[in-house]
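I opened the model today and kept short notes on what I looked up. They are set down below in the order I made them.

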Amino acid sequence: MRPELVVEKSHAEKARRGASQADVAWRRFRRNKSGIAGLSIVSFFLAMAAYGLFLDPVPPRSFACLYQGCTNVPPFTTWAHPLGTELAGIDIWQEIIHGSAGDLYVGVVATAIAVALGVVIGAVAGYRGGISGVLLLGVTQIFFTLPVLVIILLVARVSILLVAHGLGLTLIVLILAAFGWPGIAFITRGEIFRVRELEYIQASKALGASTYRILFRHIIPNILSSVIVVSSLLVAGNILTEVVISFLGFSDPSASTWGLTLEEGLTTVRSSWWVSFFPGLAVVFCVLAFNLLGDGLSDALNPRLRE
Amino acid sequence: MAGLLSYLLRRILFAIPVFLTVSIITFLITNASGNPVDLVRLGIKNATPEQIAALNAYFHVGEPVYTRYFLWLSQFVRGDMGVSLYSGTVASKILPWVLTTLELQIPALLISLGVGIPLGIYSAKRQYSKGDYLVTTTAIFGVSMPTFWIGIMGIIVFSLYLHWLPSFGAVSAYPPYWWGSIPADEVAHLILPLAVLSLVSLATYVRLIRANMLEALRQDFVLGARASGISDFKVTYKHALKSAITPVVTIIGLTFGSLLAGAPALETTFSWPGLGYEFVVAATSLDLPVVQAITMIITIMVLVANVGLDLVYALLDPRVRLS
């Protein structure tokens, strides 16, 4: 992500071809303070997740405090538990660290699957038109009208009960991906309509390029900027939905997520406000970061706003 | 006018496949174990043989899946919404649930639009001013917060610390919260969830209105209107807003699903006995008939709302009617 690397890599090329699209976008993005803030916070949470997964000596939901008598410790009173502990002695700061891996996993992987599916389906339907286009439009329209959250909650509740517990968050990932792709497909389709009549596409058609080649070499790279922006916002949305699913207790109770800590926070809100306050703050900053990143990318990549 | 009618008719006809899709999804999920009774018994561990026999009869166990689906759907369409496994028929309780949810959702929608539209316009007209930064910063925080979490924070501050407002439910058992008066008691219970819900929707609408107004204010017709000497207020609120608000109507339609679903997490946080809360309770206790009924009712409400919004949309934007 360091600008120097990008510049060095394309240095020889640049002399020949001028700045690439990515260079231009990065230069614009770098000037966007809130976008950079978003990127930094996202990196911070990624680092936190990696630390929680591989380096953290404290396991998730350690009940050690139950035996050491440090249950329900208020925050900022001891260095051992900076954000306090809940009634059974689980450390809130550790919960935030371990939860970040779960929430980022759900947010990012569900979005990645949805984007892969949505771009391919939307591209084929948008470029081919005809029956597949009409079908896609119908399906996305139906998805847009569905009370998605209720259906996601219902699917999560039933599937977590019926499928083995070990799958846990992966089930949530699949559910969110299944409900996320129509939005991406709809946007892709719209973008394809915009691009497919442009001259360079006509030119490659005249040169005899195959449909597959035109789609994947010429069209999709040119519509990726809109998809990247929407994906960043979709990660934010997916994390919020995951938090709601876990908060309501419809997720895998053995996984570590911020929503699960928040659920406990609500039940113990009378005795210990910090159990719900700090994990919620983590959610806000993580979602905010992806939203800022999306807004920043949108400013950097949107050709209509370019000077 | 004929164009408008045929447009509306098409939108109403479109609601049918959506309704059927939801009914199929709902039915398939609740029958995911092959037999709904198996699923129910995950919740009721100590069912007697008679109870199991009654459950089998209720869910038509033994019939093929498609027969069970059509039996369930035809009953539902005729107004028989099923019987809760724990308490009475759904039909007798659904109306209070719907009303309780609407009591929260409709004022929240009105407040957030009433405040959000002027705020978004203000922000767009003074782009990059201090006021604009304040509005946009607050709004992006607003859309990044889980609604229910702000609810919990509200409970901590206003109920548990300040003791100004009640922390849960739609009414107090006894005595009424404010001055012993029952209407005041209901208002007291409404304030906190309503404020939270309005704030979060407000953030979404402000961002949308601002973005669309920025685009609309740069259009030629706005310049034209200004050039012909129309007052600034009229140009902004009559000409530009009309073109900026149509995408917002679409978004209201798109978010209506989650709004009307009662933001289940928010209703659960406040134990607000609306559709969302009852859905969570029923899904947690695997009360399948109630779960099925609430999902379908929410779908119908979303569809009705969408047709209504389509009408607003067509009235605002004549191009929609003609396409």
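These entries go through chain B and then the contact with chain A.

Entry 1, the kind of model. I noted before anything else that this is a predicted model.

Entry 2, secondary structure. I looked up the elements of chain B and found 14 helices and zero strands. I then read chain B from the N terminus on, and the run was α at every place, α-α-α-α-α-α-α-α-α-α-α-α-α-α.

Entry 3, extent and burial. I looked up the span of the C-alpha trace of chain B along its principal axes, which is about 80 × 55 × 30 Å. Chain B has 323 residues, and 40% of them count as buried.

Entry 4, contacts within the chain. I took the contacts in chain B with a separation of 6 or more, and 68% of them come from residues 24 or more positions apart.

Entry 5, domains. I found chain B divided into domain 1, residues 2-77, and domain 2, residues 96-284. The centres of these two domains of chain B, taken over C-alpha atoms, are 34 Å apart.

Entry 6, the contact between the chains. How many residues does each chain give to the contact? I found 38 residues from chain A and 44 residues from chain B. On the chain A side, the elements that give two or more residues are α7 (130-145), α8 (148-162), α11 (211-247), α12 (258-267) and α13 (274-301) of chain A. The largest share of that side, eleven residues, comes from α8(A). I sorted the residues of the chain A side by kind and wrote down 30 nonpolar, six polar and two charged.

Note on methods. Residues are numbered from 1 along each chain as its sequence is written. Chains are lettered from A and ligands numbered from 1 in the order in which they are written. This is a predicted model: local features need pLDDT of at least 70, side-chain atom pairs count only at pLDDT 80 or more; totals for chains, interfaces and linings use all residues. Helices (H or I, at least four residues) and strands (E, at least two) are DSSP runs, numbered from the N terminus. A residue is buried if 20 or more other C-beta atoms lie within 10 Å of its own, exposed if 12 or fewer, and partly exposed in between; C-beta atoms are placed from the backbone. Two residues are in contact if their C-beta atoms, placed from the backbone, lie within 7 Å. Ala, Val, Leu, Ile, Met, Phe, Trp, Tyr, Cys and Pro count as nonpolar, Asp, Glu, Lys and Arg as charged, and the others, Gly among them, as polar. Domain bounds come from an automatic or database domain assignment.
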